[in-house]
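This report introduces a single protein chain to a reader who has not met it before. It begins with the sheet and then turns to the helices, the interior, the loops and the charged pairs.

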Amino acid sequence: MIIGKSFGIGVLAASIVLLASFTVQASEPPLNEEEAKLVDLVHQIQSEVGLQPAPVDTQLCEGAGNYIDDLQKNGDVGTSWTAVQEITVNGVTCRGLLFVDSQGATAQAAFDYWMSSSYTGAIIVKQGPYKDYDTIGVAVAHEYALMVFA
């Protein structure tokens, strides 16, 4: 009987460790303050129109951050995209919206810019030609704010 109880405790302990590992994997990606604000703004408008907020994907966030870092390193400030662009981030082909402000991008300015256009605003609330995305990734750094969706 003692062997059976020990085995049961071992299985319970293994189950707790396994559950904890799944919990860690499902956690939100590390976001800076502006990125967290951008996610909050996007999720808020999605909820207001009756949608489930799109989950934030760690791989897409990392890829978006790398994309912005490359733009910064290459000195390519450029301009905000007025249409969705197809880009590859961390090996995933996705669509992206880029906001550029030479004084430094903020979540609120990027969100307001995207929502001021019926085209890009529709994408955020999953309407129009790019409504079938499952996850988003965001990055806000330097002069750039980038939202990607796949």
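The model is predicted. Five bridges join strand 1 to strand 2 (residues 92-100), and these two strands run antiparallel. Within this pairing, Ile 87 has Cys 94 of strand 2 as its bridge partner.

**The sheet**

The pair belongs to an open sheet of four strands, arranged in the order 1-2-4-3 with antiparallel pairing. Strand 1 (85-89) and strand 3 (136-141) stand at the edges; each has a single partner strand, so one side of each is left without a neighbour in the sheet. From one strand to the next, the twist averages 35°.

At the other end of the order, strand 3 and strand 4 pair in the antiparallel sense over six bridges. Here Gly 137 stands opposite Val 148 in strand 4. The two strands form a hairpin with two residues between them, and His 142 in the turn has a positive phi of about 55°. Although strand 3 stands at an edge of the sheet, strand 3 is mostly covered, with five of its six residues buried.

**Helices against the sheet**

Helix 2 (residues 33-48) lies across strand 3 and strand 4 (144-149), and its direction is at about 140° to strand 3. Helix 3 (residues 58-73) also packs on the sheet, where it touches strand 1, strand 2, strand 3 and strand 4. The direction of helix 3 makes about 35° with that of strand 3.

**The interior**

The largest nonpolar core has 26 residues. Those with the most contacts inside this core are Leu 38, Leu 97, Trp 114, Met 147 and Phe 149. Two or more residues each are given to the core by helix 2, strand 2, helix 4 (107-115), helix 5 (118-124), strand 3 and strand 4. Helix 2 provides the largest share, five residues.

What does Trp 114 touch, leaving aside residues up to four places away in sequence? Its contacts are Leu 38, Leu 97, Leu 98, Phe 99, Thr 120, Gly 121, Ile 124, Ala 145, Leu 146 and Met 147. Apart from the largest core lies another, of 14 residues, among them Leu 71, Val 89, Val 100 and Val 148.

Two cysteines can also be placed by their accessibility. Cys 61 is buried, with a relative accessible area of 9%. Cys 94, the bridge partner of Ile 87, is buried as well, at 3%. A disulfide is a covalent bond between the sulfur atoms of two cysteines. With sulfur atoms within 2.5 Å as the criterion, the count in this model comes to zero disulfides.

**Loop residues with positive phi**

Asn 90 is found in the loop between strand 1 and strand 2. Although Asn 90 is not a glycine, it has a positive phi of about 50°. Its relative accessibility is 35%, and Asn 90 therefore counts as partly exposed.

Lys 126 lies in the loop between helix 5 and strand 3. The phi of Lys 126 is near 55°, again a positive value in a residue other than glycine. Lys 126 is partly exposed, with a relative accessible area of 24%.

**Charged pairs**

Side chains of opposite charge can pair when their charged atoms come close. How many salt bridges does the model contain? The count comes to three, and they are listed below.

| Salt bridge | N to O distance |
|---|---|
| Glu 33 and Lys 37 | 3.5 Å |
| Lys 37 and Glu 34 | 3.3 Å |
| Glu 86 and Arg 95 | 2.4 Å |

Glu 33 and Lys 37 both lie in helix 2, four residues apart, which is about one turn of the helix. Lys 37 and Glu 34 are three residues apart in helix 2, so about one helical turn separates them. Glu 33 counts as exposed at 59% relative accessibility, whereas Lys 37 counts as partly exposed at 37%.

In the pair of Glu 86 and Arg 95, Glu 86 is exposed, with a relative accessible area of 53%, while Arg 95 counts as partly exposed at 28%. Salt bridges that share partners join Glu 33, Glu 34 and Lys 37 into one network.

Methods
Residues are numbered from 1 along each chain as its sequence is written. This is a predicted model: local features need pLDDT of at least 70, side-chain atom pairs count only at pLDDT 80 or more; totals for chains, interfaces and linings use all residues. Side-chain values use heavy atoms; hydrogens and water are left out. Two strands pair if DSSP finds at least two bridges between them. Axes are lines fitted to C-alpha atoms, for helices over the stretch in contact, and angles run from 0 to 180 degrees between N-to-C directions. Contact means heavy atoms within 4.5 Å. Buried means under 20% relative accessible area, exposed over 50%, partly exposed in between (1.4 Å probe, protein chains only). A nonpolar core is a set of buried Ala, Val, Leu, Ile, Met, Phe, Trp, Tyr and Cys residues joined through side-chain atoms within 4.5 Å. A salt bridge is a side-chain nitrogen of Lys or Arg within 4 Å of a carboxyl oxygen of Asp or Glu.
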